[in-house]
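Please examine the model shown here, beginning with a single loop residue and proceeding from there to the sheet, the helices and the interior.

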Amino acid sequence: MIRGTIELEFPNNETARVVYESVLFEHKTVPYRRSRMNFSLKENKVIMEFIAKDNSALRGTLNSYLRWIKVALDVVEL
């Protein structure tokens, strides 16, 4: 098992909230069988706590979340 935490800090609480809420739907609806992710918001930080069965599962899960976060940030910057 692979466990870890990633905290993404944003310039302000509002940006963090927009990113969090943008990704939350995907978080709640995408079923992952070989990994789990706790996704939370604390002030100006988005926190991802993960558990994965192997490197491939971890890579796939993190890539998905980071891609969704990137899209959300691109929209915020418009």
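**From a hairpin loop to the core**

E43 is situated in the loop that connects β2 and β3; helices (H or I, at least four residues) and strands (E, at least two) are DSSP runs, numbered from the N terminus. The model is predicted: local features require pLDDT of at least 70 and side-chain atom pairs pLDDT 80 or more, whereas totals for chains, interfaces and linings use all residues. Residues are numbered from 1 along each chain as its sequence is written, and side-chain values rest on heavy atoms, with hydrogens and water left out.

The hairpin of β2 and β3 has two residues between its strands, and E43 adopts a positive phi near 55° there. Most residues other than glycine have a negative phi. E43 counts as exposed, at 58% relative accessibility; in this usage, exposed means over 50% relative accessible area, buried under 20% and partly exposed in between, with a 1.4 Å probe and protein chains only.

The two strands of this hairpin pair in the antiparallel sense over eight bridges, where pairing requires that DSSP find at least two bridges between two strands. Strands of a sheet pair through backbone hydrogen bonds, either parallel or antiparallel. Within the pairing of β2 and β3, F39 stands opposite M48 in β3. Eight bridges also join β1 to β3, and these strands run antiparallel. Here T5 faces E49 in β3, and R3 faces I51 in β3.

Together the strands make an open sheet of three, in the order β1-β3-β2, with antiparallel pairing. Its edge strands are β1 (2-9) and β2, each of which pairs on one side only. Neighbouring strands are turned by 15° against each other on average, direction ignored; for such angles, axes are lines fitted to C-alpha atoms, for helices over the stretch in contact, and the values run from 0 to 180 degrees between N-to-C directions. β3 is mostly covered, with six of its eight residues buried.

Which strands does each helix touch as it packs on the sheet? α1 touches β2 and β3, and its direction makes about 150° with that of β2. α2 touches β1, β2 and β3, and its direction makes about 160° with that of β3. Contact here means heavy atoms within 4.5 Å.

The interior can now be considered. The largest nonpolar core has 19 residues, and F39 and Y65 have the most contacts inside it. Such a core is a set of buried Ala, Val, Leu, Ile, Met, Phe, Trp, Tyr and Cys residues joined through side-chain atoms within 4.5 Å. At least two residues of this core come from each of α1, β2, β3 (45-52) and α2 (55-77). The largest share, seven residues, is supplied by α2.

F39 merits particular attention. With a relative accessible area of 6%, F39 is buried. Neighbours within four places in sequence aside, F39 is in contact with Y20, V23, L24, H27, V46, I47, M48 and Y65.

The structure holds three aromatic pairs. Rings of Phe, Tyr and Trp (its six-membered ring) are taken to pair if their centres lie within 6.5 Å; planes under 30 degrees apart count as stacked, over 60 as edge-to-face and the rest as tilted. One of these pairs is formed by Y20 and F39, which are stacked at 5.2 Å centre to centre with 15° between the planes. This pair links distant parts of the chain, since Y20 belongs to helix α1 (residues 13-29) and F39 to strand β2 (residues 35-42), 19 residues apart. Y20 is buried as well, with a relative accessible area of 16%. Y20, F39, Y65 and W68 form one aromatic cluster.

A polar side chain in helix α2 is also of interest: that of T61. T61 counts as buried, at 3% relative accessibility. Its side chain makes a polar contact with the side chain of S35 (2.5 Å). A polar contact is a pair of N or O atoms within 3.5 Å; within protein, one must be able to donate a hydrogen and the other to accept it, and residues adjacent in sequence count only if both atoms are side-chain atoms. Not counting residues up to four places away in sequence, T61 touches Y32, S35 and M37.

The path ends in another loop. R33 lies between α1 and β2 and counts as exposed, at 70% relative accessibility. R33 and A52 are 19 residues apart in sequence and, C-alpha to C-alpha, 9.3 Å apart in space.
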